[in-house]
Amino acid sequence: MPTAIITGGTKGIGRATAEIFASKGYSLAICSRNLEELQEVKETLEKDHAGINVYTQVVDVSQVADVQAFAQSVKKQYETIDVLVNNAGVFIPGSIKDEPAGNLQQMMDTNLYSAYHLSRDIIPHMTRAGHGHIINICSIASITAYANGGSYAISKWAMLGFSKCLREELKTEGIKVTAVLPGATWSNSWAGVDLPEDRLMEAKDIAQVIYNAVSLGKNAVVEDIVIRPQLGDL
Ligand SMILES: NC(=O)c1ccc[n+]([C@@H]2O[C@H](COP(=O)([O-])OP(=O)(O)OC[C@H]3O[C@@H](n4cnc5c(N)ncnc54)[C@H](OP(=O)(O)O)[C@@H]3O)[C@@H](O)[C@H]2O)c1
């Protein structure tokens with residue numbers, strides 16, 4: 001049975017990705033900071049998709065020790081790991097000149113270093129198996145400067161750089177690396193925002209392109225996916 005790790009698998013893009021992979025027969029390992037939500041996702045997916053297993057762990061991905069403990073547990077749980085989706089992330093609005101000190105650090109820890117540490121711990125498992133696919137959830141903010149989201153954009157720019165460097169390193173290991181750059185997508189971060197429903201993408205659209213990238217034959221890799229609302233960026 002194929003397996004996928006999805007960080008931040010309880011909500012938004014991560015949840016939709018967990019759902020599509022479960023529907024295709026993948027067993028999963030998901031993490032977030034909320035035990036009840038993890039239990040709900042596990043129960044729902046295991047009920048809806050007979051035969052799959054959903055391993056869950058409470059993890060704060062901004063904490064290196066938490067990430068490393070999660071990697072250890074998942075490697076004990078699953079002999080091979082086919083897909084790793086580095087999805088968990090946080091957006092704290094603010095300008096570089098005015099925001100509270102620590103915003104950049106928090107977003108770098110959550111959005112970038114989480115992926116760096118988890119990938120480093122999982123890659124040897126993939127190398128041993130001779131295959132694997134790492135998906136890094138970046139953003140349109142990885143290629144665009146924003147006045148009210150500077151530190152977020154810095155962290156996502158770095159995530160894209162991480163993804164591109166990892167792609168070069170892993171070319172000859174049989175491990176694929178894909179950077180996904182979504183534009184505005186309905187999720188918690190947009191709760192309460194007064195916009196027409198069709199102005200943002202749905203999380204399941206992002207999940208679909210991730211699954212499509214993973215479905216290709218072994219000689220092809222989708223390196224970057226740029227996906228925007230039909231009406232363009234906000
Ligand atoms: N939505 C958009 O418009 C958009 C656009 C471009 C890129 N993205 C990126 O897509 C990814 C997912 O975003 P989303 O909009 O789907 O967010 P979301 O709905 O807020 O979900 C984020 C998920 O990550 C988890 N998470 C957040 N911080 C965490 C931490 N420190 N440790 C462990 N888990 C954590 C959350 O669970 P807990 O909070 O319970 O821990 C939740 O499961 C992020 O990397 C985001 O930057 C989003």
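Colleague: Which helices each supply at least two residues of the shell around the ligand?
Modeller: Helix 1 (12-23) and helix 5 (150-170) do so. The model is a predicted one.

Colleague: What makes a residue part of that shell, and which residues come nearest to the ligand?
Modeller: A residue counts if one of its heavy atoms lies within 4 Å of the ligand. There are 30 residues around the ligand, and T10, R33, N87, Y152 and S187 come nearest.

Colleague: Why is the approach of N87 to the ligand called a polar contact?
Modeller: A polar backbone atom of N87 is 2.7 Å from an oxygen atom of the ligand. The limit for a pair of N or O atoms is 3.5 Å, so this pair qualifies.

Colleague: How do you know that V61 and W190 make such contacts too?
Modeller: For V61, a backbone N or O atom lies 2.8 Å from a nitrogen atom of the ligand. For W190, an N or O atom of the side chain is 2.8 Å from an oxygen atom of the ligand. Both pairs are therefore polar contacts, given the 3.5 Å cut-off. On its own the ligand has 880 Å² of accessible area, and the protein covers 92% of it.

Colleague: Which pocket corresponds to the space taken by the ligand?
Modeller: That space is the largest pocket.

Colleague: How many disulfides does the structure hold, and what rules out a bond for C138?
Modeller: The structure holds zero disulfides. The cysteine sulfur nearest to that of C138 belongs to C165, 12 Å away. A disulfide needs the two sulfur atoms within 2.5 Å, so C138 is in none. Seen from the other side, C165 is in no disulfide either, its nearest cysteine sulfur being that of C138 at 12 Å.

Colleague: Why is C138 called buried?
Modeller: Its relative accessible area is 3%. Buried means under 20%, so the word applies to C138.

Colleague: And what makes C165 partly exposed?
Modeller: C165 has a relative accessible area of 48%. Exposed would require over 50% and buried under 20%, so C165 falls in between.

Colleague: Where does T185 lie, and is it buried or exposed?
Modeller: T185 is in the loop between strand 6 (175-182) and helix 6 (203-214). With a relative accessible area of 5%, T185 is buried, because the value is under 20%.

Colleague: What makes the approach of T185 to G183 a polar contact?
Modeller: The T185 side chain reaches the backbone oxygen of G183 at 2.8 Å. The limit is 3.5 Å, so the distance satisfies it.

Colleague: Why is K42 called partly exposed?
Modeller: K42, found in helix 2 (residues 35-48), has a relative accessible area of 26%. That is not under 20% and not over 50%, so partly exposed is the term. From K42 to L166, the C-alpha distance is 30 Å, with the two positions 124 residues apart in sequence terms.

Colleague: How do you know that V64 and G102 belong to that class as well?
Modeller: V64, in helix 3 (residues 64-77), has a relative accessible area of 35%. G102, in the loop between strand 4 (83-86) and helix 4 (103-129), has 42%. Both values lie between 20% and 50%, so V64 and G102 are partly exposed.

Colleague: What separations do V64 and R199 show, along the chain and in space?
Modeller: V64 and R199 are 135 residues apart along the chain, and their C-alpha atoms are separated by 36 Å.

Terms used. Residues numbered from 1 in each chain as written. Predicted model: local features only at pLDDT ≥ 70, side-chain atom pairs only at ≥ 80, totals over all residues. Heavy atoms only, no water. Buried < 20%, exposed > 50% of the residue type's maximum accessible area, 1.4 Å probe, protein only. Polar contact = N/O pair within 3.5 Å; in protein donor to acceptor, adjacent residues only side chain to side chain. Areas by Shrake-Rupley, 256 points an atom, 1.4 Å probe, with all protein chains shown as cover. 1 Å grid on protein atoms, 1.4 Å probe; cavity = no way out; pocket = protein on both sides within 12 Å on 5 of 7 lines; lining within 4 Å. Sits in = over half its atoms within 2 Å of the grid points. Helix = DSSP H or I, 4+ residues; strand = E, 2+ residues; numbered from the N terminus.
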